[in-house]
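Subject: Structure handover

Hello,

Here is the structure for you to look over. My notes on its sheets and helices follow below it.

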Amino acid sequence: MTEAEHVPVPGSIRAELTGAEVVGPVEPTETVSATLVLRRREELGEALVSGPETITPHELAVRYGASDEDLRMVREVLTAAGLTITDVHRGSRRVRVSGPAEAMTAVFGTELTVVRSADLLGGTIAHRARSGELRIPAELDGLVLAVLGLDERPQARAQFRLHTKPAAARSFTPDQLGTLYAFPSGTDGTGQTLAIIELGGGFKPADLTAYFAGLKIPAPQVKAVEVDGGKNAPTGDPSSADGEVMLDIEVAGALAPKADQLVYFAPNTDQGFLDAVATAVHATPTPTAVSISWGQSEDQWTAQARAAMDQVFADAAALGVTICAASGDNGSTDGQSDGGQHADFPASSPHVLACGGTNLRATPPTTIESETVWNNPSGGATGGGVSDVFPVPGFQASAGVPARAGGGMGRGVPDVSGNADPATGYQILVDGTKAVVGGTSAVAPLWAALLCRLAQAAGRRLGLVHTQLYQGVRAGRPQPGFRDVTSGNNGAYQASPGWDPCTGLGTPDGTALLRVLTGKTS
């Protein structure tokens with residue numbers, strides 16, 4: 001196929017990996033796989049995304065999934081080029097394709113190299129990489145919105161932090177935080193499904209049995225789901241991704257013990273991340289909430305990957321699923337070294353409930369003495385700021401989101417917060433070791449568990465709950481259902497009354513939130 005018969009894939013430009021060691025070319029016969037995301041048959045209406053009405057996965061697939069004609073064209077063109085279609089999911093519009101590297105590079109107009117680079121967890125990993133723009137056969141122009149997985153560079157980092165001296169921390173068990181944050185009584189997540197996304201590590205059932213027995217809480221039903229070859233693979237090192245996995249499961253399980261947990265394990269690539277979220281969102285039964293404790297600065301994603309992920313989050317809203325994502329643990333710069341301010345994605349998606357972090361001083365069971373923005377020079381700081389790529393959503397229009405650092409207006413992050421400072425962290429058990437852990441990673445499962453309990457009380461899933469949480473919001477005015485956090489900063493941004501780019505609307509008063517959402521008291 002000639003160059004003239006190829007067209008660019010918008011948003012597919014990949015920068016070269018800085019600091020990567022080139023190992024060598026990819027073998028021409030090596031099998032390579034990719035996920036293609038196709039256009040919708042029909043665009044989702046804003047009213048459907050905003051709720052409260054929802055649709056079923058079948059209805060979404062029929063009305064808004066990939067069309068028969070688009071699927072036929074993709075299959076025809078790619079099989080003629082020597083590739084194999086290995087899986088099709090009409091509802092999420094994903095087509096998984098594989099073939100020898102030489103055929104894949106010819107079809108998608110790129111070169112693949114094996115490099116060794118940082119894995120974002122302190123180690124290194126060898127993987128495929130590419131740079132520049134992807135190109136697709138002209139017959140697929142406009143049909144294919146994204147091609148993910150040719151480049152396997154680690155896409156996200158886990159947003160958790162182990163306390164180096166656990167005995168020095170003023171720590172809490174997750175159920176103590178549920179009481180301090182007044183999670184609604186008479187609820188435990190019964191009838192709800194809580195999905196958790198993991199891009200590495202694993203859990204040991206024996207640890208879960210011991211942990212929940214120690215809390216005298218019934219152990220939740222936890223099932224591992226494998227995506228794209230990802231597996232429940234504990235390393236035995238608490239500081240590895242195991243720490244993230246156990247934090248998520250144990251926080252969610254202690255706060256919503258009767259919710260069924262499905263833990264989706266996938267490779268830490270843009271393809272793996274997308275496939276895990278899409279698989280979770282479109283699963284049966286439909287989850288009430290999805291907890292994501294992995295992310296990366298917006299500018300470290302390709303535009304095609306961000307857009308494809310955001311469309312899955314819009315699917316979630318239409319299905320009634322609430323996505324909870326950590327806002328980051330590296331302050332207003334999100335760990336970038338360019339001197340600018342950055343928001344973390346996927347938290348910056350307007351279809352995601354972005355979860356920021358605080359330092360909580362409290363005496364269980366019910367006394368909160370103070371709560372400030374998490375910003376500890378020796379232990380990280382909550383992410384928060386203004387998106388450079390997403391506009392201000394309607395629900396935030398009057399919240400007082402400041403202008404972007406470079407000018408213009410954008411989506412404000414976070415929406416909500418919870419305890420995250422390792423110095424006031426969460427007591428967990430990981431790889432047989434008791435640990436105290438913080439990070440906005442803990443806040444995402446905390447809010448996912450709270451939403452399961454609120455949904456149980458409401459008798460319905462809450463979907464894009466933002467539209468209710470921000471109802472009547474005004475700049476500088478505290479919002480009903482929240483404990484306003486007005487002290488501290490995360491670098492460039494200062495906490496203030498009402499919504500702010502450090503802790504959002506604040507931390508939850510679960511019983512008050514139930515009244516906000518349903519008018520009920522329990």
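Four strands form an open sheet in the order 4-5-3-9, and the pairing is antiparallel. This is a predicted model, so please read everything here in that light. Strand 4 (84-89) and strand 9 (144-148) are the edge strands, each pairing on one side only. On average, neighbouring strands in this sheet are turned by 20° against each other, direction ignored.

Within that sheet, look at strand 3 (residues 31-38) and strand 5 (residues 94-100). The two pair in the antiparallel sense over seven bridges. To find your place in the ladder, start from V37: the residue opposite, in strand 5, is R94.

A helix also lies on these strands. Helix 4 (residues 101-108) lies across strand 3, strand 5 and strand 9. Helix 4 runs at about 125° to strand 5.

Next, the other sheet. Three strands make up an open sheet with the order 11-27-26, again with antiparallel pairing. Strand 11 (161-162) and strand 26 (426-430) are at the edges. Each has a single partner strand, so one side of each is left without a neighbour in the sheet. Strand 26 and strand 27 (residues 433-438) are joined in the antiparallel sense over five bridges. One bridge to check is that of I428, whose partner in strand 27 is A435. Helix 7 packs on this sheet and touches strand 26 and strand 27. The direction of helix 7 makes about 120° with that of strand 26.

Helix 7 has a helical partner too. The axes of helix 7 (residues 241-255) and helix 10 (residues 440-458) come within 8 Å. How do the two cross, and at what angle? The crossing is at roughly 30°. Angles under 35 degrees count as roughly parallel, and helix 7 and helix 10 are therefore roughly parallel to each other. The crossing of helix 7 past helix 10 is right-handed.

For the contact itself, here are the residues to display:

- From helix 7: E244, L247, D248, V251, A252 and L255.
- From helix 10: S441, A442, P445, L446, A449 and R453.

By class, the residues of this contact divide into eight nonpolar, one polar and three charged.

If you open just one view, I suggest helix 7. Helix 7 touches strand 26 and strand 27, and helix 7 also makes the contact with helix 10.

Best wishes

Definitions and conventions: Residues numbered from 1 in each chain as written. Predicted model: local features only at pLDDT ≥ 70, side-chain atom pairs only at ≥ 80, totals over all residues. Heavy atoms only, no water. Axes fitted to C-alpha atoms, helices over the stretch in contact; angles between N-to-C directions. Parallel < 35°, antiparallel > 145°, perpendicular 65-115°, else oblique. Left-handed = near helix turned anticlockwise from the far one by under 90°. Contact = heavy atoms within 4.5 Å. Nonpolar A, V, L, I, M, F, W, Y, C, P; charged D, E, K, R; others polar. Pairing = 2+ DSSP bridges.
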